[in-house]
Amino acid sequence: MSLRIILECEEDRVPAIGARISERLDRSAPTVSRMVDRMVRDGLVQVDPRRRLLLSARGRRIATAVLRKHRLAEVMLVSELGVPYEQAHAEADRLQHAIGDRVESHLFARLGQPTHSPYGNPIPGLPGIGGPRSPRASRAEVDLAAPALIGCVLVTRIGEGAQSDAKLLGQVRPGDSVVVYRDLEQVVITAQGPEIRLPMSVARAVHAVKPRRPSR
């Protein structure tokens, strides 16, 4: 899970530091520090001078496999089992560990070879289970914490760091248009219902693009 979180931070373009692992796993700072020491010792990560965590080649392979199973589980839960959208992420956290390597390829085929999770995130490492090259997130997208991203925007994906916010998931999905503004240290969005106030840590995991202006 720690390796997966580092990969998720890369995807969301935020520094992977111990505090983020502590926040996501709800573990104390000393516990996470010991985990990081073990990962460094095992050759899974490196720590740069700014205390950012960098995946080694082996660490990246493990992180990719875990995140791939997690997102395939999310697809299965939402599209096949009808699990509510707001609950699928947490259920997938538990289910990912039960998906074996052999079953994973069959699951991928049975689901129609999906390339994205229900939250709009690319499924990584698809060639490892007989799929096409995994898509990349658009360079045009910006997270909602960016000062320049205000007004009407089109949500492209909801990263792992925002998928525990039930109010957000209850109103917003990839492809939805929302109105964004900033209020002190929060990002406020208006979607289908009452306004939603997001702390910066959550807003950084929600990505969007400015809608294109119609050509004349």
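How many of the 216 residues of the protein count as buried? The share is 45%, with buried meaning under 20% relative accessible area, exposed over 50% and partly exposed in between (1.4 Å probe, protein chains only). Everything here comes from a predicted model, in which local features need pLDDT of at least 70 and side-chain atom pairs count only at pLDDT 80 or more, while totals for chains, interfaces and linings use all residues. Residues are numbered from 1 along each chain as its sequence is written, and side-chain values use heavy atoms, with hydrogens and water left out.

On to the overall picture. Eight helices and eight strands make up the secondary structure; these are DSSP runs numbered from the N terminus, helices being H or I of at least four residues and strands E of at least two. The radius of gyration, taken over C-alpha atoms, is 18 Å, which agrees with the value near 17 Å for a compact globule with 216 residues (the rule is 2.2 Å times the number of residues to the power 0.38). The C-alpha trace spans about 55 × 45 × 35 Å along its principal axes. Counting contacts (heavy atoms within 4.5 Å) between residues at least 6 apart in sequence, 59% join residues at least 24 apart.

Helix H1 covers residues 2–12, and because 10 of its 11 residues are buried, it is largely enclosed by the rest of the structure. The buried set takes in charged side chains as well as greasy ones, including Arg 4, Glu 8, Glu 11 and Asp 12 alongside Leu 3, Ile 5 and Ile 6. Just after H1 comes Arg 13, with a positive phi of about 60°.

One of the H1 residues, Glu 11, turns up again as a contact of Arg 71. Arg 71 sits in helix H4 (residues 57–80) and counts as buried because its relative accessibility is 0%. The Arg 71 side chain makes a polar contact of 3.0 Å with the side chain of Glu 160; such a contact is a pair of N or O atoms within 3.5 Å, where within protein one must be able to donate a hydrogen and the other to accept it, and residues adjacent in sequence count only if both atoms are side-chain atoms. Leaving aside neighbours within four places in sequence, Arg 71 also touches Ser 117, Asn 121, Pro 122, Ile 123 and Pro 124.

Ser 22, in helix H2 (residues 18–25), is buried too, at 16% relative accessibility. A polar atom of the Ser 22 side chain lies 2.4 Å from the backbone oxygen of Arg 27.
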